[in-house]
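Biologist: Could you take me closely through one part of this model, namely how its strands are put together? Bring in the helices wherever they help.

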Amino acid sequence: MTLHFAPFVPWFVLLALAVLALILATAGFARGVRGTAIRLIASVAVLAALANPLLMQEDREALSTVVPVIVDRSQSQETPERVAQTDAALEGLKDRLSRFARIEPRIVEVRDPATSDAPSTRLFEALASAISDVPPARIGAAVFITDGQVHDIPAAAEALGFNAPVHGLFTGKADEFDRRIEVLRAPRFGIVDEDQELTLRVFDDGRRTDTPATVTVRMNGEEIATLNATPGVETTFGFKVPRGGNNVLEFAVAATPGEVTEVNNKAIHLIEGIRENLRVLLVSGEPHAGERAWRNLLKSDAAVDLVHFTILRPPEKQDGTPINELSLIAFPTRELFVEKINDFDLIIFDRYQHRGVLPILYYDYIAEYVKKGGALLIAAGPEHAGEDSIAITPLASVLPAAPTGNMHEAAFYPRLSDQGKRHPVTRGLDGSAIEPPQWGRWFRSVDVDPPRGETVMTAADGRPLLVLDRAEEGRVAMLLSDQGWLWARGFEGGGPHVSLYRRIAHWLMKEPELEEEALKARASGRTLEVTRQTIAGDPGAATIRTPSGKTETLALTEIAPGLYRGEKRMDETGLFTIANGEFSTLVHVGAVDAPEFKAMVSTLDTLKPIATETKGHLARLDDGKGSLRLPDILPVRGDVRIADDRRLLVRLTDETVLKGVNTLPLFAGFAGLAVLLLAMSATWWREGR
């Protein structure tokens, strides 16, 4: 309660009246005038009334003590055991805090940021945000429910901005163990079929062991090696990039009984395969208009080393001209088809016929070359239907179509078959979307028996025109007409010969983008995009296995004939397994080296420095017997000076809020009137004597 004044007149007027009253009283006392004391008392009473004294009393309410409870819901907390412990601890803590009327809990659940590609557990950022509107004096304590894998712990307590204990309640068990694998150093690009090397390491968190771990290595889904890696020791692995384009290396370390999770038992590395100047052998059986189209296409590609031979003088052409007078070079058959055949990525026979240039045994060598992974393209003309056709040589074992011996001589529009509309080699060729196709006609094709493989283009009456087939590990394509040059010359508007020829060549050389059956996945930020290429029907939905072990389905929508795609924004980051039918692939969403996956064992060590400095308490929720152990809560007044090793101390605040002010005027009402009347009556009484 305090005394305040609210004068009815300005203070200088009161001061002047007080001085005047004092002068008169002094003069009265000096002359001995009777009643001077009573007159002075009356003057003081009047002046006091004019000063209007007030008694004021503040009405204050005690503020609550804020206790933020930060709940870790990051991916390392998503194992079933930890989820159950976290939920039980949160409910128990809410119940205990509710018993104290002056304690206000603030529950904040922290999940991995949806916008971050490199997730980390940032609990102290969440704490700062939760108490940003609260004065530091009102913070009684901060409680963290976590596994201890926190990545933004301040270096000192001053950075917290308040003076109160920091407590930690830890999920998991004290003796947890986890095995994980990381790729430490690896090339991002590699030349196809050349030696590459990377370095990986197996980590054993929680306990150390020198027993070698078994690591299975897969390249593009196929197992290529098994390694023995000592935990904690760098292990090098040599490999070759098998193909151009994107290649996925997967390393899977064998699971260990009792480890926290198998989520981080896999690691992947993406390496882009670069072909070092593809070597192509083009053999033209005779000069003709179409050979220039093939030659110009291959010569225009800077990534192709072309070796081109045209047979100008077959052995049966004997006119008596001495060999040393000919301006021709001999066809180096042995060098090309025996000694260096495996150096070529693609062999093209352009209107070639068996006329004794190649010994019959060499066709066997070519067939073996194909079966062991080589590529062969037959661009056939009338010679393929004749007596000297290469289809009657040992090469027939890898050819998908056998000629009937007839040529079909009539104008026709090359058309895409139903399979061709879905096959990446021919899908979407310019001019193919309308009927008749918007390109020029051809005028002859080789008639063949029903072929193996896929017929992707047809001639007149649905006859096979372009056939693609696999022969063991290699590939074969047959273009059953020599009229493609008409498109190159612009006849009747020409046609997409460059796109067609290039796609055929790259499919033969196993370009991943042209695979007719493929499942691909890529990530852009948190968005996962799955693409399925198929020449069959609807492949159905894809199955996604998340890093936490959950299984989700993703519907695939046809965006082009034979091409299906679906995308989904993922809540988790890490290594995802995508499956559809017999195909599966891996993709990493988010940064590969995200802190959230580097360690997943429960530990008190991370929060121990900050808890010690603030006199906080750290406790495991697991009591070792399968039950939950939750510490008691002890409210205290004043600063916390010592830590309690059994209870969570909460510093109660002394802060209050002003609800209102009660005022009592001393000279108002009957009390003031009585004082004034008494003073005036005393003066009158004295004067009356």
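Biologist: To start, in what order do the 4 strands of the open sheet come, and is their pairing parallel or antiparallel?

Modeller: The order is β25-β26-β30-β29, and the pairing is antiparallel. Before we go on: this is a predicted model, where local features need pLDDT of at least 70, side-chain atom pairs count only at pLDDT 80 or more, and totals for chains, interfaces and linings use all residues. Residues are numbered from 1 along each chain as its sequence is written, and side-chain values use heavy atoms, leaving out hydrogens and water. Strands (E, at least two residues) and helices (H or I, at least four) are DSSP runs numbered from the N terminus, and two strands pair if DSSP finds at least two bridges between them.

Back to the sheet. At its edges sit β25 (518-524) and β29 (557-560), each pairing on one side only. On average, neighbouring strands here are turned by 30 degrees against each other, direction ignored. Now look at one of those edges: β29 pairs with β30 (residues 563-569) in the antiparallel sense over 3 bridges. To find the match by residue, go to Glu558, whose bridge partner in β30 is Tyr564.

Next, scroll to the open sheet with 5 strands, ordered β4-β3-β5-β6-β33, where the pairing is parallel. Its edge strands are β4 (103-110) and β33 (618-620); each has a single partner strand, so one side of each lacks a neighbour in the sheet. The average turn between neighbouring strands in this sheet is 15 degrees, again ignoring direction. Inside it, β3 (residues 65-72) and β5 (residues 142-146) pair in the parallel sense over 3 bridges, and Val69 has Val143 in β5 as its bridge partner.

Now the helix that goes with these strands. Helix α3 (residues 80-97) lies across β3, β4, β5 and β6 (166-170), where contact means heavy atoms within 4.5 Å. The helix runs at about 170 degrees to β3; axes are lines fitted to C-alpha atoms, for helices over the stretch in contact, with angles from 0 to 180 degrees between N-to-C directions.

There's a helix pair to check too: α1 (residues 11-31) packs against α2 (residues 36-51) at about 175 degrees, with axes 10 Å apart. That's why α1 and α2 count as roughly antiparallel (angles over 145 degrees). Among the residues that meet there are Trp11, Leu14 and Phe29 from α1, and Leu40, Leu47 and Leu50 from α2.

Conventions. Parallel < 35°, antiparallel > 145°, perpendicular 65-115°, else oblique.
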